[in-house]
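Notebook open, going through the model by helix packing first, then empty space, then backbone oddities.

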Amino acid sequence: MKLQGTMQINDKGHLEIGGCDTVELAERFGTPLYVLDEQYFRQNCRNYYRAFTEKYDGIVLYAAKTLLTLAVCRMVAEEGLSLDVVSGGELYTAKKARFPMERVYFHGNNKSAAELKLALEYKVGRIMVDNPHELQMLDRLAGEAGVRAKIMLRLTPGVEAHTHEYIKTGQIDSKFGMVIENGQAMEIIKQALALENVQLTGLHCHIGSQIFELQSYAHAAEVMLGFAAEVRRETGWQPEEMNFGGGMGIYYTAADEPQPVSKYADMLVQAVKTLAQAHDLIVPRVLVEPGRSISGPAGTTLYTVGAVKNIPGIRKYVAVDGGMGDNPRPALYQSRYEALLANRAAQQPQETVSIAGKCCESGDMLIWDIDLPTPAPGDILSVSATGAYNYSMSMNYNRLPRPAMVLVRDGAADIIVARETYDDLIRNDVVPERLGESRVVKIAGAGR
Ligand code: LLP
């Protein structure tokens, strides 16, 4: 496993993150446990801030969908980034964390009237409108609220990014945004320009996630700026800002080779400048929405090894106390992860095993075929790069409580998400009167 961020192996041979011994973290907080490396998370924010904001006056929106808690909101705010939220729940979290609302951008392909009202009430910076239905609804709601909502329009540029089918979004056959190629994008821009209660400031596209080819972004810029020139010719309007979404790939395994953020920024901003000049457009401010590349590498999940089942000549299954409940990505996208035994981090691998989760589902396999020192019950397994789309996509399948999350830094560990309890699991359950206890006893009795 590649050691990332503040990870190191201490003199006990234990994995350390943020100056904290992960074996001690597992003992103190229990497992499964999400560990977030504060310094690394902040460093990733800073890399973006420097590359886009300091150098080019661009705006970096942290994609909340990757990982959002109140504490995470505070860090993002402190690092000077803006926030991309996609639901009333994320919006509410930002508000409760006292995130500056003018730095919030509200996305989503099917925002409800209630969510749009909340966004207007909170006075978010921009609403990223996805479709004509939303545009009309927003215009009406903004009118009722007596405000003019600043909006950007989400477009589908038809750019193919080389990534997993379920996480690519820029192609034409997509549920997101309005297609440029068939005229729908031009149509919605004209509609937006004709409305009184919305003010169109710019255009948006997002071509996919876990992308390594910077060329895909240059291609998106070409399509978007080319289209902006067409829009100006037809309507006289041109975008002041252009948002190119997120998507930068991260290191999960040795097969992944992430690009430096500075290279991405230079390439994208340069492409936008050159294209704007070529099309005789004002140079729009560049916005980006990275998520995975900020939170992903900064997260690690600790598990305790339980049953080890050897099927001679076939496979050794090493079961841990979590799985698809806290990390559904392997089951959903066949994602690969690296791992090590945190309590024996300096030992050389001895055999190839497969890590199984504890859900009642054959597909709940965290890692197929990984080389480890022979695992035994009680070992602490550490899986790296789990900061993005793990906690945020976690679930209670099999009524497994969701893990706690600790923020580690300089030897200190603070809970930022408490471990769910069994009582949390039944908190929203309601037993109707007609299924009251006396009745259940009667039915049970009748069966005997
Ligand atoms: N902006 C928009 C409009 C997006 O749809 C996304 C991700 C992002 C920004 C952030 O992209 P990032 O920098 O994180 O790649 N659950 C999947 C990924 C889904 C991506 C959704 N959109 C996974 O676990 O791989």
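**Helix pair one.** I started with helix α5 (residues 113-122) against helix α6 (residues 132-145), in what is a predicted model. I got an angle of about 50° between them, with the axes 10 Å apart. That angle makes α5 oblique to α6. I also looked up the handedness: α5 passes α6 in a right-handed crossing.

Next I wanted to know which residues make the contact. From α5 I noted A113, L116, K117 and L120. The α6 side gives E134, M137, L138, L141 and A142. Sorted by class, the contact of α5 with α6 has seven nonpolar and two charged residues, with no polar ones.

**Helix pair two.** I then turned to α6 and helix α7 (residues 184-194). Their axes come within 10 Å and cross at roughly 5°. So I wrote α6 and α7 down as roughly parallel to each other. Here α6 uses P132, L135 and Q136, and α7 answers with I188, Q191 and A192. I sorted the residues of the contact of α6 with α7 too: four nonpolar, two polar and no charged.

**The largest pocket.** How big is the volume of the largest pocket? I have it down as about 980 Å³. I listed 41 lining residues, and K65, V86, F176, H206 and Y389 are the ones that lie nearest the centre of the pocket. Two elements give two or more residues to this lining, namely α4 (88-96) and α11 (329-333). The largest share comes from α4, with three residues. By class, I noted 14 nonpolar, 16 polar and eleven charged residues in the lining of the largest pocket.

**The cavity.** Rolling a probe the size of a water molecule over the atoms shows where empty space is left. I checked for enclosed space as well, and the count came to one cavity of 30 Å³ or more. I put the volume of the largest cavity at about 60 Å³. Which residues line the largest cavity? My list reads Y34, V35, L36, L67, G299, T300, T386, G387, Y391 and M405. The elements giving two or more residues to that lining are β4 (33-37) and β14 (299-311). I noted β4 as the source of the largest share, three residues. The class tally for the lining of the largest cavity is six nonpolar, four polar and no charged residues.

**Backbone oddities.** Most residues other than glycine have a negative phi, and most peptide bonds are trans. I looked for exceptions and wrote down two entries.

- The peptide bond joining T31 and P32 is cis, and I have omega at about -5°. I placed P32 in the loop between α1 (22-29) and β4.
- D280 is not a glycine, yet I found a positive phi of about 60° there. I located D280 in the loop between α9 (261-278) and β13 (285-288).

**Cross-check.** I went back over β4, which turns up in two entries. One is the cavity, where β4 supplies three lining residues; the other is the loop that holds P32, which runs between α1 and β4. I did the same for α6, which packs obliquely on α5 and roughly parallel to α7. I also set the class tallies of the linings side by side: eleven charged residues for the largest pocket, and no charged residues for the largest cavity.

Terms used. Residues numbered from 1 in each chain as written. Predicted model: local features only at pLDDT ≥ 70, side-chain atom pairs only at ≥ 80, totals over all residues. Heavy atoms only, no water. 1 Å grid on protein atoms, 1.4 Å probe; cavity = no way out; pocket = protein on both sides within 12 Å on 5 of 7 lines; lining within 4 Å. Points joined across faces, edges and corners; volume = space filled by probe spheres on them. Helix = DSSP H or I, 4+ residues; strand = E, 2+ residues; numbered from the N terminus. Nonpolar A, V, L, I, M, F, W, Y, C, P; charged D, E, K, R; others polar. Axes fitted to C-alpha atoms, helices over the stretch in contact; angles between N-to-C directions. Parallel < 35°, antiparallel > 145°, perpendicular 65-115°, else oblique. Left-handed = near helix turned anticlockwise from the far one by under 90°. Contact = heavy atoms within 4.5 Å.
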